[in-house]
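Subject: Structure handover, salt bridges

Hello,

Here is the structure I said I would pass on. Please open it first; my notes on its salt bridges follow below.

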Amino acid sequence: MMKPRVILSVTVVSMGLIAAILPQKQNSSVQLDAQQLLYEVQLRDHIISVDEMADAIINNDPYYQLIDLRSPAEFNAYSLPGAVNIPFEKLFDAKWAPYIDQVARKNVFYSNGSTLSSEAWMLTRQKGIKNNYILEGGLNHWIATILNPAAPDPTEGDEAIRSFQARLGARQYFSGESSTASSATNAPKKPVPAKKKTKVAGGCS
């Protein structure tokens, strides 16, 4: 685990690099310093797990808004249900302000991994904007955990088994898999009636 001083240094450097990427006018009013950002990073309150996000999508929770930070080409090739495509470099364009700076919904940034979403969160918090979050691990973690869940070890306990079962249900929901085959395979088989014995002519009854 990195020491707080190292994390602080990384945070400061990242803020400088990100500020250099975006137009200067968009970074003119910094409301949070590096120390406060470091504190919030360590709290991890801005992280949304893939399990929480899958449950929110399945239940049509209106409080969440997914924001895909990748390019339009990547977004069109594959995206999460209900996501809005706001490429990272256009994050502070005026047309997206009603999405980025609002308090009605939880914005959940995601990209292929965690880099772009972490930078987007850091930028918005640096400017004092709240209600923005990060999808833990991005699409890579989503695919590995929700679409291809690994069966737990029997020694991991009931919680791990319940989590795995929930992920199997989520995979079926997002992949459109039919449960017919599995239910037919696992369904209890009907008992086969025993054949009635026929009397043999001339034998004992």
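How many salt bridges does the count come to? The count is three. Please keep in mind that this is a predicted model, so every value below is computed from it.

Start with D51 and R167, whose side chains form a salt bridge with an N to O distance of 2.7 Å. D51 sits in helix α3 (residues 50-58) and R167 in helix α8 (residues 158-175), so this pair ties together parts of the chain that are 116 residues apart in sequence. D51 has 29% relative accessibility and therefore counts as partly exposed. R167 is also partly exposed, at 22%.

Helix α8 carries another of the bridges: E159 and R162 both lie in it, three residues apart, which is about one turn of the helix. Their side chains meet at 3.0 Å, N to O. E159 is exposed, with a relative accessible area of 54%, because the cut-off for exposed is over 50%. R162, at 47%, is partly exposed.

That leaves R70 and D68. The closest N and O atoms of this salt bridge are 2.7 Å apart. Is the pair buried or exposed? Both R70 and D68 are buried, which means that each has under 20% relative accessible area.

When you go through the model, D51 with R167 is the pair to look at for the link between helix α3 and helix α8, and E159 with R162 is the pair within helix α8.

Regards

How values were computed. Residues are numbered from 1 along each chain as its sequence is written. This is a predicted model: local features need pLDDT of at least 70, side-chain atom pairs count only at pLDDT 80 or more; totals for chains, interfaces and linings use all residues. Side-chain values use heavy atoms; hydrogens and water are left out. A salt bridge is a side-chain nitrogen of Lys or Arg within 4 Å of a carboxyl oxygen of Asp or Glu. Helices (H or I, at least four residues) and strands (E, at least two) are DSSP runs, numbered from the N terminus. Buried means under 20% relative accessible area, exposed over 50%, partly exposed in between (1.4 Å probe, protein chains only).
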